[in-house]
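Trainee: I'm new to this one and don't know where to start. Could you pick a single part and take me through it closely, along with whatever surrounds it?

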Amino acid sequence: MLAKDIQQHAQNTALCVLTDKPEYFKEFPHVLAFKHRLQSVKGYHDKRFVLEKALSLFESCMFLDSDVRIIDAVVKEMNSPPGITARAGCDLLRHMANMKNPKEIKVIEEVAEKLNIDLQKVQWFHEFMFAMRGQDGLEKKFFQLWQTISYLFEMRGIYHGEGYAMGLAAAKVGMNIAFDREDKFAFFKDNIERIRIKKGQSNLQEKQIYFDIHKNIEYRNRSRLQKISDKLIQKAVLSYRLLRLRKVARKDSDFHKLFERNI
């Protein structure tokens, strides 16, 4: 659906997709679909692979979660500065003050201590939408460090947290993180839309069709047997990925040097 949206509303814009089913995108000439198997435990940190791929092909890119919908023509210029430009976020310490999971806070503080990062200089941003442009070659170091940090988060049982990992990695290597809170195009993202509706900035009746489509895809009807089967498969896959995580982390020399003695 996002591919169709871009075809309709942002013509001449390429969509770079990493997927285990590249054949699904054959009908879209503007989609660059590359074969990819999930690397991180639950997929959140795989964002870095599509960013790396996009920046190997273009000077800049914009990351969108796959469940974002573009609902009107894209007419504004989107020339982002070097580094990362996010739509939403704040100082990491400010964000941490509202975090409810002490385990997440502990891991963030551990990474900052081991990497000698001043948390007062770290930014956190909502990772559903952000732009990225190369910054004097720092992106290579940024992606490598993000990977290393992600291993620690995942080995501590924090499988999301890519916004934390990106902010910490950017602060360490000196990559800029800026914020541009003006929407460049009309879009739908379920949790963002709920906030807009609560603030009176959006109308539920107008957006209900997008909520319904999202719900039908993410929470599709399944038989009881299918639900049990899916749950067993998910547990088996998770166990496999956790075993693989320990193996790949051990092969990361930076991880070994920085974190392994504490695992």
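Mentor: Sure, and keep in mind that this is a predicted model. Let's start from the largest nonpolar core, which has 52 residues; F142, F153 and L168 are the ones that touch the most other members. Helix α5, residues 138-155, supplies the largest share of that core, with 10 residues. That's the part I'd like to look at, so let's walk around α5.

Begin with F153. Setting aside residues up to four places away in sequence, F153 touches V107, I108 and V111, and also I158, Y164, A165 and L168. L168 should ring a bell, as it is listed with F153 and F142 among the residues touching the most other core members. V107, I108 and V111 lead us to the helix on that side.

That helix is α4, residues 102-114. In general, two packed helices are described by the angle between their axes and the distance between the axes. For α4 and α5, the angle is about 145° and the axes lie 10 Å apart. The crossing of these two is right-handed. On the α4 side the contact is made by V107, I108, E110 and V111, while α5 brings I149, L152 and F153. Sort those contact residues by type and you get 6 nonpolar, no polar and 1 charged.

Now look at the other packing partner, helix α9, which covers residues 224-251. Its axis comes within 10 Å of the α5 axis, and the two cross at roughly 145°. Here, though, the crossing is left-handed. From α5 the contact uses Y151, E154 and M155, and from α9 it uses L245, R246, V248, A249 and R250. What is the mix of residue types in the contact of α5 with α9? There are 5 nonpolar residues, no polar ones and 3 charged ones.

While you're on α9, find L242, which sits in that helix. Is L242 buried, exposed or partly exposed? With a relative accessibility of 29%, L242 counts as partly exposed, because that value falls between the 20% and 50% cut-offs. Beyond its neighbours within four places in sequence, L242 is in contact with V41 and Y159. Here's a nice one to trace in the viewer: L242 and S40 are 202 residues apart in sequence, yet their C-alpha atoms are 9.1 Å apart in space.

Back to α5 for one more neighbour. R48 belongs to helix α2, residues 47-57. Leaving out residues up to four places away in sequence, R48 touches F143, W146 and Q147. Those three numbers fall within the 138-155 stretch of α5. Is R48 buried or exposed? It counts as buried, because its relative accessibility is 8%, and the cut-off for buried is under 20%.

Charged residues are worth a stop of their own. The count of salt bridges in the model is 17. One of them joins D67 to K189, with the closest N and O atoms 2.8 Å apart. This pair links distant parts of the chain, 122 residues apart: D67 is in the loop between β3 (60-64) and β4 (69-70), and K189 is in the loop between β10 (187-188) and α7 (190-198). At 6% relative accessibility K189 counts as buried, whereas D67, at 25%, counts as partly exposed.

Another salt bridge joins the side chains of D180 and K184, at 2.9 Å from N to O. Here D180 is partly exposed at 31% relative accessibility, and K184 is partly exposed at 22%.

For a further example, take D254 and K257, whose closest N and O atoms are 3.9 Å apart. These two are separated by about one helical turn, because they are 3 residues apart in helix α10, residues 253-258. D254 counts as partly exposed at 32% relative accessibility, while K257 counts as exposed at 58%. Some salt bridges also share partners: K47, D65, D67, E162 and K189 are joined that way into one network. You've already met D67 and K189 as a pair.

So, to get your bearings, go back to α5 as the helix giving the largest share of the core, then find α4 crossing it in the right-handed sense and α9 in the left-handed one.

How values were computed
Residues are numbered from 1 along each chain as its sequence is written. This is a predicted model: local features need pLDDT of at least 70, side-chain atom pairs count only at pLDDT 80 or more; totals for chains, interfaces and linings use all residues. Side-chain values use heavy atoms; hydrogens and water are left out. Helices (H or I, at least four residues) and strands (E, at least two) are DSSP runs, numbered from the N terminus. Buried means under 20% relative accessible area, exposed over 50%, partly exposed in between (1.4 Å probe, protein chains only). Contact means heavy atoms within 4.5 Å. A nonpolar core is a set of buried Ala, Val, Leu, Ile, Met, Phe, Trp, Tyr and Cys residues joined through side-chain atoms within 4.5 Å. A salt bridge is a side-chain nitrogen of Lys or Arg within 4 Å of a carboxyl oxygen of Asp or Glu. Axes are lines fitted to C-alpha atoms, for helices over the stretch in contact, and angles run from 0 to 180 degrees between N-to-C directions. A crossing is left-handed if the near helix is turned anticlockwise from the far one by less than a right angle, and right-handed if clockwise. Ala, Val, Leu, Ile, Met, Phe, Trp, Tyr, Cys and Pro count as nonpolar, Asp, Glu, Lys and Arg as charged, and the others, Gly among them, as polar.
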